[in-house]
Amino acid sequence: MTVQQNISLKKYNTFGISAKAKFFCEINTVEDLSQALRLEEHPKKFIISGGSNMLITQDIDALVMHINTKGKEIISETEDNVTIKVMAGENWHQMVLWTLENGYGGLENMSLIPGNTGTAPIQNIGAYGVELKDTFESCEAMEIATQQIRSFSKQECQFGYRDSYFKNRGKGKYIITSVTFKLSKKNHALNTSYGAIETELEKKNITNPTIRDVSDAVITIRQSKLPDPTELGNSGSFFKNPVVTKSEFDNFTKENPEAPFYKVSEDAYKIPAGWLIEQCGYKGKRFGDAGVHKNQALVLVNYDNASGSEILDLAHRIIKSVAERFHIQITPEVNIIK
Ligand code: EPU
């Protein structure tokens, strides 16, 4: 493991922000990770994995450790199910394609989500009616303070909407080293209830979809709405969809009867932040090299050389406009690195 100096992080974050790491090293094995954490000459450490859920707003004055651990392993299987363990540095989408090639079901709705497998549990990634927690069995993580590996059950991860233990009490304490999923081998529980998937399958005249068909539909939908980070820097949804109480929701719908929403429970309603932002006039707007995507207002984009602070300024303007117009507070989903 070698430590390099003054490395540009542009290719390590999907926003394509040109910040620098004062020190940088590749983590190819769990042993590298534990060694790097023990380097006393670098007391400040910073972890970067797929770099798909962060906005870097300045150079990072620390040892940036790039998680690049690879490996996929079948832990156990029955006639119906298979349990697989995936190392943290495996690219999420490539891993999903591998499960589909092997006929394993469960991750198809989450095709094409950027990022690596190890960071998926942190915010319980989700798309088209399915969340990571639905197939998650457990994960292993290294405790930063002791370099001990410990296992976390699904319950211990305390998953919520784009939320987990690792974003709350466990924040900054652990580095996930592998994730274990339980997938189906037959009688796959397909989830095509999300409107856009059904429409896409109908377009292709598919009435009895396979897991591959669902994945293909999701890929088509995502490609039509969400910018490809290799072509246009972005971090997926920049904001979370706000969840409001029943009384807040009643006030909101009285004034905005046309607004889309999802009922989460009797006293919780989710309102699409993309809709709120679009209503405020930001969709497709560009301010220098920072902008709001033309097909999905929830996504902020870097046209070329926007700095992290320019993107953050735009985010703050949007938050303020939405609060003034709708009295709803939206919050970033991406991690803002200051
Ligand atoms: N909408 C607008 N204008 C926009 C964008 C959306 O009016 O510019 C409306 C849509 O018409 C629709 C509603 O908002 O009625 C919801 O839109 P969509 O189905 O595109 O989903 P979303 O709520 O905007 C969430 C996730 C996405 C995920 C999709 C599909 C969050 C923060 N985002 O977006 O996740 O792919 O659902 O499941 O929950 C991500 O986290 O990076 C991400 C892309």
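A salt bridge is a side-chain nitrogen of Lys or Arg within 4 Å of a carboxyl oxygen of Asp or Glu. The legends below apply this criterion to a predicted model.

**Figure 1. Domain 1 and domain 3 meet without a salt bridge between them.** The chain is divided into domain 1 (4-67), domain 2 (72-184) and domain 3 (233-337). The centres of domain 1 and domain 3, taken over C-alpha atoms, are separated by 29 Å. To their contact, domain 1 supplies 15 residues and domain 3 supplies 20 residues. While the count of salt bridges between these two domains is zero, ten residue pairs, both members at pLDDT 80 or more, are in polar contact across domain 1 and domain 3.

**Figure 2. The side of domain 1 that touches domain 3.** Between them, domain 1 and domain 3 bury about 1300 Å². Carbon and sulfur atoms account for 51% of this area. Within domain 1, the residues that lose the most area to domain 3 are F15, N53 and L55, which together make up 51% of what that side buries. Strand β4 (residues 54-56) gives the most to this side of domain 1, with three residues. Sorted by class, the side of domain 1 that touches domain 3 comprises seven nonpolar, seven polar and one charged residues.

**Figure 3. Surroundings of the ligand.** There are 24 residues around the ligand, of which Y128, Y161, S237, E278 and Q296 come nearest. S237 places a polar backbone atom 2.8 Å from an oxygen atom of the ligand. For N241, a polar side-chain atom lies 2.8 Å from an oxygen atom of the ligand. E333 likewise has a polar side-chain atom 3.0 Å from a ligand oxygen atom.

**Figure 4. The salt bridge between E90 and K72.** Side chains of opposite charge can pair when their charged atoms come close. The structure as a whole holds 17 salt bridges. One pair is formed by E90 and K72, with the closest N and O atoms 3.7 Å apart; this distance meets the criterion of within 4 Å. Because E90 lies in the loop between β7 (81-87) and α2 (92-101) and K72 lies in strand β6 (residues 72-77), the pair ties together parts that are 18 residues apart in sequence.

Technical notes. Residues are numbered from 1 along each chain as its sequence is written. This is a predicted model: local features need pLDDT of at least 70, side-chain atom pairs count only at pLDDT 80 or more; totals for chains, interfaces and linings use all residues. Side-chain values use heavy atoms; hydrogens and water are left out. Domain bounds come from an automatic or database domain assignment. Contact means heavy atoms within 4.5 Å. Buried area is the accessible area (1.4 Å probe) that two parts lose on being put together, summed over both. A polar contact is a pair of N or O atoms within 3.5 Å; within protein, one must be able to donate a hydrogen and the other to accept it, and residues adjacent in sequence count only if both atoms are side-chain atoms. Helices (H or I, at least four residues) and strands (E, at least two) are DSSP runs, numbered from the N terminus. Ala, Val, Leu, Ile, Met, Phe, Trp, Tyr, Cys and Pro count as nonpolar, Asp, Glu, Lys and Arg as charged, and the others, Gly among them, as polar. A residue is near a molecule or strand if one of its heavy atoms lies within 4 Å of it.
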